[in-house]
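I wanted to keep a short record of what I looked up in this model, beginning with a charged side chain and then turning to a helix. The entries follow the order in which I checked things.

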Amino acid sequence: MNRKLPIMKKKMISPRAFVQAAFAVLYNGYLAGFARVKIFSGATKRFCVPGLNCYSCPGALFACPLGSLQEELASGDVRLPLYTLGFLFVFGAAMGRFICEWLCPFGFIQELLHKIPFPRKLRRLPGDRALVMLKYVLLALLCILLPLTVTNIVGQGSPWFCKVVCPAGTLEAGLPLVLFGEGYADAAGMWFVIKTATLAVIILLSVLTFRPFCRYLCPLGAIYGLFNPISLVRLRLDSGKCTSCGACQRACRLDVAPFKKPDSPECIRCGDCIPACPHGALSGLPSRARERRTARRCRVGSP
């Protein structure tokens, strides 16, 4: 009597995780900076990358668009920050919040944290409807108004979001520089303590719920979300096939309802909803359907 051998699956790195990791390395690929605990100041720092990434990270090769926007507004120069605004417009119109899911290192870090086992995961935080608006408040207040209006005696402001909130900056730059850099610990003050506490809360929440910083606090995500309805990379809904069964919303880890609003500013374009739809009503984004088919073909012992 022949026994069927148990089917074993070949472990695969998902294309999405590979792209996320690749861009994290691209943004912070200056290994000498980590070794010397020294901020890179080469020519590439004049250019932004699409995702959130701290300029002061020892390995950062490029600038952060959100930090650049604040710095330009806080400079005391009356001119508009045309380069940064143009950069955000081009990438926003091209990809929208696709950038948040695929090209942002801090989003990738949150996803890795969410894989940590916990007795009960939360689909959303209490007060979710109000909390999702907080990132727009932070964008208006800390990234635009305060850098423009709260200035020193020479008329220069501060990048307030970077200074008091940004957890990516604390993780990628603040902690490495203060812990291992020479002279940085002496300069760390009240704002660093506040930012470190904020980072600790976001790390805990990332274990409990999916991407809380992206969902509730990220001003860069708020900017890109405004472009979701017009971006070239977008989710498409065939209303003739859709039965409003809600399967797409149940598959969405951010609890977005694509069958109601495929262009929602909260959608980060991960594509998980596409294979979840039993009627094939959703399309237009990379999804895990092909990845799953490839995995099935790679099973050891399958006929």
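Is Arg-97 buried or exposed? I am working from a predicted model, and in it Arg-97 is buried, with a relative accessible area of 1%.

**Entry 1, the partner of Arg-97.** I looked for an acidic partner and found that Arg-97 forms a salt bridge with Glu-266, where the closest N and O atoms are 4.0 Å apart. Glu-266 belongs to the loop between α15 (247-251) and α16 (273-276), while Arg-97 belongs to the loop between α4 (82-95) and α5, so this pair ties together parts that are 169 residues apart in sequence. I then checked the acidic side, and Glu-266 is also buried, its relative accessible area being 17%, which falls below the cut-off of 20% for a buried residue.

**Entry 2, the pairs of Asp-263.** Next I looked at Asp-263, with which Arg-234 forms a salt bridge whose closest N and O atoms are 3.3 Å apart. This pair links distant parts of the chain, since Arg-234 sits in the loop between α14 (219-226) and β1 (236-237) and Asp-263 in the loop between α15 and α16, 29 residues apart. Arg-269 forms a salt bridge with Asp-263 as well, and here I noted 3.8 Å between the closest N and O atoms. For the two arginines I recorded that Arg-234 is partly exposed, with a relative accessible area of 25%, whereas Arg-269 is buried, at 0%.

**Entry 3, a shared network.** Following salt bridges that share partners, I found Arg-16, Glu-101, Glu-111, Arg-211, Arg-253 and Asp-272 joined into one network. For the whole structure I noted twelve salt bridges.

**Entry 4, helix α1.** I turned to the helix that holds Arg-16 and asked which residues of α1 are buried. They are Arg-16, Gln-20, Ala-24 and Tyr-27. Seen down the axis of α1, these buried residues fall within an arc of 70°, so they line one face of the helix. I set beside this the general point that an α-helix has 3.6 residues a turn, so residues three or four places apart point the same way. The buried residues of α1 pack against α5 (98-102) and α6 (105-114), while on the other side of α1 Phe-18 and Val-25 are exposed.

**Entry 5, the length of α1.** As a last check, I compared the expected and modelled span of α1 (residues 15-27): at 1.5 Å a residue its 13 residues should span 18 Å, and the end C-alpha atoms are 18 Å apart, which agrees.

How values were computed: Residues numbered from 1 in each chain as written. Predicted model: local features only at pLDDT ≥ 70, side-chain atom pairs only at ≥ 80, totals over all residues. Heavy atoms only, no water. Helix = DSSP H or I, 4+ residues; strand = E, 2+ residues; numbered from the N terminus. Expected span 1.5 Å × (residues − 1). Buried < 20%, exposed > 50% of the residue type's maximum accessible area, 1.4 Å probe, protein only. Arc of directions from axis to C-beta. Contact = heavy atoms within 4.5 Å. Salt bridge = Lys/Arg side-chain N within 4 Å of Asp/Glu carboxyl O.
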